[in-house]
Amino acid sequence: MQPLTIIMYHYIRDFTRTRYPGIKGLDLAGFRRQLDYLQSRHTIVRVRDVVAAQRGESGLPADAALLTFDDAYAEHYALVFPELYERKLEGAFFAPVDPVCHGKLLDVNRIHFILAANAAQGGDPEEISAKLDAALREAEAGWNLEPVEAYRAQWAHPNRFDDAETIYIKRMLQTALPEALRHRIAVDLFAHFVSMDEAAFAGELYMSEQQARLMQGCGMYFGSHGASHHWLNRVPREIQEAEVDRSLEFLRRIGSPVDDHWVMCYPYGGWNEGLLDVLRDRNCTLGLTTEVATALINQHDPLLLPRFDTNDFPR
Ligand SMILES: [Zn+2]
């Protein structure tokens, strides 16, 4: 058994330049300080070091840590990549195919920017939830929904990052409603609060395939984060297979290894036994969840390694 600290990053931004200060994330200076901190206490290892340890070919340093970056934001190319390259560190990047290759905005980002744009205009989350609740009442009969009050009772509870109203908006638009309905409501809210032109917005938000290929060629690792960033535990097997296969094609195109070893990072941390079968069929070596703990190589199921969030460490 070998402990491995895996750290998960999402937004890393230059807050002096952003139009959306409400987007929660790590600013560049904080990222640099956190790297200093991590490098003073850990040995940053590469994906292939972890794979070798998992296979019993070599050991990991006792203080091993792995840096992971989800969702292929443009800042991962513009800010993170130069910083890691300079420090001679490998980052493991998990890029969903549709945003990078097809200009599609991820649901999770649509929701974040609705909240951030509203906050930047001085609005409260209640302004969004009022529109959300109005849309729900309108859709209630046709979609056979529960009453708004029932959803609120279930979902409007604060967590360690967000207040109750914000969590309610996020959960309703991420999971609670039928997918087609929540997508439609989120697109309407995005058009109202942020922008009518989602494709242009997505083009600025994510890195391009070319940039991913360049990073890969310069020593960064790219693994699978699915194609459309769906909850893969909620879709039938053929969709799971299509999602994984489309992402493996993308990885092959940018020159990332997919035959000898590859890493799956579950969108939203969602997995089930059927998905693990699909991954094993395709020789997936490691899987990353969003459970918060130290990964224990050769003790945890290699397809279910937990990760810390950047917020769990000082900045
Ligand atoms: Zn993601």
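User: Which residues does the UniProt annotation "domain: NodB homology" cover?

Analyst: Happy to start there, noting that this is a predicted model in which local features need pLDDT of at least 70, side-chain atom pairs count only at pLDDT 80 or more, and totals for chains, interfaces and linings use all residues. Residues are numbered from 1 along each chain as its sequence is written, and side-chain values use heavy atoms, with hydrogens and water left out. The annotation comes from an unreviewed UniProt entry; such positions are given in the numbering used here, feature names are shortened, and annotations may be inferred rather than shown by experiment. The record gives residues 209-282.

User: Which residues coordinate the zinc ion, and at what distance?

Analyst: Donors here are N, O and S atoms within 2.8 Å of the metal (3.2 Å for Na, K and Ca); water is not among the atoms, so sites may look incomplete. Along the chain, the donors of the zinc ion follow the spacing D-x153-H-x3-H. Histidine 225 and histidine 229 are both buried (under 20% relative accessible area, against over 50% for exposed and in between for partly exposed, with a 1.4 Å probe and protein chains only). The ion is held by Asp71 (OD), His225 (NE2) and His229 (NE2), at 2.1 Å.

User: Which residue of E6 stands opposite serine 224 in E7?

Analyst: Helices (H or I, at least four residues) and strands (E, at least two) are DSSP runs, numbered from the N terminus. Two strands pair if DSSP finds at least two bridges between them, and E6 pairs with strand E7 (residues 221-224) in the parallel sense over four bridges. In strand E6 (residues 92-95), Ala92 and Phe94 point one way, Phe93 and Ala95 the other, and all are buried. The residue opposite serine 224 is alanine 95.

User: Is threonine 5 buried or exposed, and what is its relative accessible area?

Analyst: Threonine 5 sits in strand E1 (residues 2-9). Beyond its neighbours within four places in sequence, threonine 5 is in contact (heavy atoms within 4.5 Å) with His42, Ala64, Ala65, Leu66, Phe308 and Phe313. Threonine 5 is buried, and its relative accessible area is 10%.

User: How many of the 13 residues of H8 are buried?

Analyst: Helix H8 spans residues 164-176. Its buried residues, among them Ile167, Tyr168 and Leu173, are covered by elements including helix H5 (107-120), helix H6 (125-143), helix H7 (148-155) and helix H9 (179-193). H8 is mostly covered, and the count of buried residues is 10.

How values were computed
The expected span of a helix is 1.5 Å times one less than its number of residues.
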